[in-house]
Amino acid sequence: MKKPNITAVKAVIWLLASIPIARLFWLGFNNDLGANPIEFVEHSTGLWALIFLLLSLTMTPTRLLTGQVWHIQVRRLIGLWMFFYATLHVVTYVWLDFNFLFDVMIDDVLEHPRILVGFAAFLLTIPLAATSNQYMMKKLKSKWKALHKTVYLVAILAVVHFLLLVKKDLTEPLYYTAVLLILFGIRIYYKHKKKPVMNTAQ
Amino acid sequence: MIIVDKSKQNPSEIQPSEITSKAVFDNRRQFIKVAASSGLIAGAALMSLKAKAAKIVGGVTSGDARLVGPGNAPSQPFKALKKGEIYNPRQKLKGVKKTAYGEDLKIDTYKNITTYNNYYEFGTSKSDPAVQARTFQPQPWTISIEGEVKKTKTIGIEDLMKLAPLEERIYRMRCVEAWSMVIPWVGIPLASIIKWAEPTGNAKYVEFVTANDRESMPGVTTPLLDWPYTEGLRMDEAMNPLALIAVGLYGELLPNQNGAPARLVVPWKYGFKGGKSIVKIRFVEKQTQTTWMKSGPSEYGYYANVNPKVSHPRWTQSSERPIGGGLFGGRIKTKMFNGYESEVGHLYAGMDLENNF
């Protein structure tokens with residue numbers, strides 16, 4: 001396969017990734033966010049953060065499955081969009097939902113595993129976003145890779161956060177859990193696959 | 001015909017004679033028009049009898065019950081469906097008495113009340129019921145009265161609406177998911193139905209069993225909850241004047257997604273206590289397991305009283321988000337018993353509400 005123009009691919013990602021936020025603004029200005037607009041924004045930004053998180057985790061499995069490597073170059077961009085939506089998600093919670101009532105919020109975080117798990121996931125993404133540039137990569141060297149492995153933990157916390165939110169019908173969060181498990185499964189499969197087999201496959 | 005009580009007095013202080021005269025006055029033209037063909041003049045006269053009977057229904061002797069029982073009321077509060085006709089809730093209910101309940105509250109829009117619903121029989125998303133319940137037919141409808149009663153019986157929805165004068169009551173509704181609405185219900189006090197049902201001395205609790213129709217309710221085909229959705233109240237809770245069987249909304253018939261044709265409204269409890277589309281009212285001696293108790297015993301209790309001090313594992317209960325506040329509406333503090341403490345607090349005197357959540 002011919003290597004695509006990365007700049008063009010990145011431009012397309014920028015365009016597509018800004019659709020969810022543009023849609024929220026559009027619906028917001030048209031007063032069309034439903035009966036519970038705060039919940040709508042909270043759920044929408046949370047869901048898109050999770051989608052971008054899962055997308056960033058598909059990079060290695062697709063490399064393993066296809067042998068292609070060019071797309072790894074867009075992983076950082078996708079990861080940063082994840083951080084963008086996750087930040088909006090948290091800002092919605094802190095500002096729109098709790099209106100900076102920190103005492104109430106702290107109770108909420110401590111009393112409800114769902115919030116605690118979500119909050120932990122967000123905190124763990126901050127160092128990842130902060131070290132996502134070339135400078136930090138060079139500076140941290142081998143530690144960088146180890147640090148960025150926490151993304152797996154973030155992903156687990158994120159789906160658990162979603163599963164805990166739902167009162168009864170787990171269907172939707174289970175779809176995302178299944179995707180995550182498949183992505184993990186592919187990695188584990190290739191990790192344990194004997195080297196020679198991998199070589200002949202290539 | 002909506003009878004407005006402009007004097008803002010307590011609903012129980014309205015004189016029946018006052019209601020009747022105003023009703024007749026407001027609707028004289030209409031009455032005269034139809035009277036010739038249907039002999040409704042006699043009906044209009046009967047209205048005063050009915051109103052008087054409803055007033056004294058609290059005392060209930062069987063003699064009074066005869067007056068308010070089905071078949072004696074002068075006119076239908078709504079237009080019955082013709083064969084093949086699809087239910088349309090957008091028709092004004094006749095004879096709705098305004099009350100002082102919640103008259104100072106800001107009512108949520110019809111759109112919000114009818115498009116943001118938890119009614120799992122019609123899907124688990126809040127927007128599902130408004131769409132999925134469209135084909136549900138709440139008429140004709142009968143409710144059966146069973147268990148510890150003098151005599152098992154059934155009642156049609158049109159007769160149920162005549163057990164007591166229809167009242168508009170504006171109530172707060174606090175969902176366990178930490179949002180709230182202000183809803184103008186139309187209904188009759190649950191107590192008036194209970195008195196008509198004539199429970200025996202053994203009746204200590206009332207159970208409400210709701211519709212479980214596989215044909216029209218897509219949700220019940222999955223074992224998400226233990227269908228039919230069942231709720232319950234202690235007898236004294238059920239007899240509390242606040243407890244309402246709602247048959248209408250915004251002065252009109254109840255939309256399907258809000259629990260047509262009749263649903264329970266107990267505003268001091270979390271919204272899930274309000275069983276929708278009731279098919280059976282059963283009087284029992286022992287406390288029964290409700291649907292949500294079976295589903296999550298650590299999360300949902302029998303009482304489910306709104307209580308900001310008892311936390312829920314998923315949602316904070318100390319504050320709530322009022323629906324209709326928009327993006328920047330924020331939260332308000334949740335009140336004990338959802339602000340109805342003076343009306344219902346005595347029911348739980350001496351009870352440990354932490355354990356009896």
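Student: How much area does chain A expose, and what share of it do carbon and sulfur atoms supply?
Tutor: Chain A exposes about 11,900 Å², with carbon and sulfur atoms supplying 70% of it (Shrake-Rupley method, 1.4 Å probe; for residues, only the protein chains shown count as cover). This is a predicted model in which local features need pLDDT of at least 70 and side-chain atom pairs count only at pLDDT 80 or more, while totals for chains, interfaces and linings use all residues. Residues are numbered from 1 along each chain as its sequence is written, chains are lettered from A and ligands numbered from 1 in the order in which they are written, and side-chain values use heavy atoms, leaving out hydrogens and water.

Student: And what percentage of chain A is buried?
Tutor: Of the 202 residues in chain A, 42% are buried (under 20% relative accessible area, 1.4 Å probe, protein chains only).

Student: How many helices and strands does chain A have?
Tutor: Chain A has 12 helices and zero strands (DSSP runs of H or I, at least four residues, and of E, at least two).

Student: How do H3(A) and H11(A) cross?
Tutor: The axes of H3 (residues 37-56) and H11 (residues 171-192), both of chain A, come within 11 Å and cross at roughly 15 degrees, so H3(A) and H11(A) are roughly parallel to each other (under 35 degrees).

Student: Which residues make that contact?
Tutor: From H3(A) they are A:Leu47, A:Leu50, A:Ile51 and A:Leu54, and from H11(A) they are A:Glu172, A:Tyr176, A:Val179, A:Leu180 and A:Leu183, where contact means heavy atoms within 4.5 Å.

Technical notes: Axes fitted to C-alpha atoms, helices over the stretch in contact; angles between N-to-C directions. Parallel < 35°, antiparallel > 145°, perpendicular 65-115°, else oblique. Buried < 20%, exposed > 50% of the residue type's maximum accessible area, 1.4 Å probe, protein only.
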